[in-house]
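Me: Could you take a close look at one helix pairing in this model for me? I'd like the geometry, the residues involved and the surroundings.

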Amino acid sequence: MFIMPAISMKTIAEEQQSGTLNWLFSQPVRISEIILGKFFAVWFVGILCLFPSVIYLYTIYVLGVPAGNLDLGATFGSYFGLIILTAAFSSVGILASSLSQNQIMAYLLGVFMCFILYFGIEQLASYKLLGGTDYILSNLGFYKHFLAFTRGLIDTRDIFYFVFVIGICLVSAKIFVEKKK
């Protein structure tokens, strides 16, 4: 939630600040290709940040009593969920970077948006202020969809939810970058 906006804050905001965004517009590359290239680069760096945790997985696997006493379904489901959550946070960070002209504002906006999408919506729904729509509101946040992955349950509804959010954020970022053109 804090690392992905930090990685993605420079994607578009710095390009605009340094003037290289205009140079990118003059190249024979579509804006959607620019946004997708930046998204995949940020997502790849985010996935690389997850690799050191494999050391802990190996240590727990070896030192467990008996050796190998580890719920691999929940573990691999959690890693899969983290990879998808990293992609969602990357797309939100790129959207925040396309909204602002300053890197610091892009980072703060990205952290705020990620926080609201992960914790804020769930907390608002837990107050039970809206009656029956609290269930619908809780399904709009990242937390409920990520929680299924931590239990080892890989559900296509959760995958489609994250793909939908990623698509909405990237299309919105494309629209905001086109306005800057």
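Reply: Here's a walk through one pair of helices and the core around them. First the ground rules: this is a predicted model, where local features need pLDDT of at least 70, side-chain atom pairs count only at pLDDT 80 or more, and totals for chains, interfaces and linings use all residues. Residues are numbered from 1 along each chain as its sequence is written, and side-chain values use heavy atoms, with hydrogens and water left out.

The chain has ten helices and zero strands (DSSP runs, H or I of at least four residues for helices, E of at least two for strands, numbered from the N terminus). Helix 6 (residues 72-99) packs on helix 7 (residues 103-126) at about 135 degrees, with the axes 8 Å apart; axes are lines fitted to C-alpha atoms over the stretch in contact, and angles run from 0 to 180 degrees between N-to-C directions. The two helices are therefore oblique to each other (neither under 35, over 145, nor 65 to 115 degrees). On the helix 6 side, the contact (heavy atoms within 4.5 Å) includes Leu85, Phe89 and Val92, and among the helix 7 residues are Met113, Cys114 and Leu117.

Zooming out, Leu85 and Phe89 are also among the residues with the most contacts inside the largest nonpolar core, which has 33 residues. Such a core is a set of buried Ala, Val, Leu, Ile, Met, Phe, Trp, Tyr and Cys residues joined through side-chain atoms within 4.5 Å, buried meaning under 20% relative accessible area with a 1.4 Å probe, protein chains only. Helix 6 gives the most to this core, nine residues.

Conventions. Buried means under 20% relative accessible area, exposed over 50%, partly exposed in between (1.4 Å probe, protein chains only).
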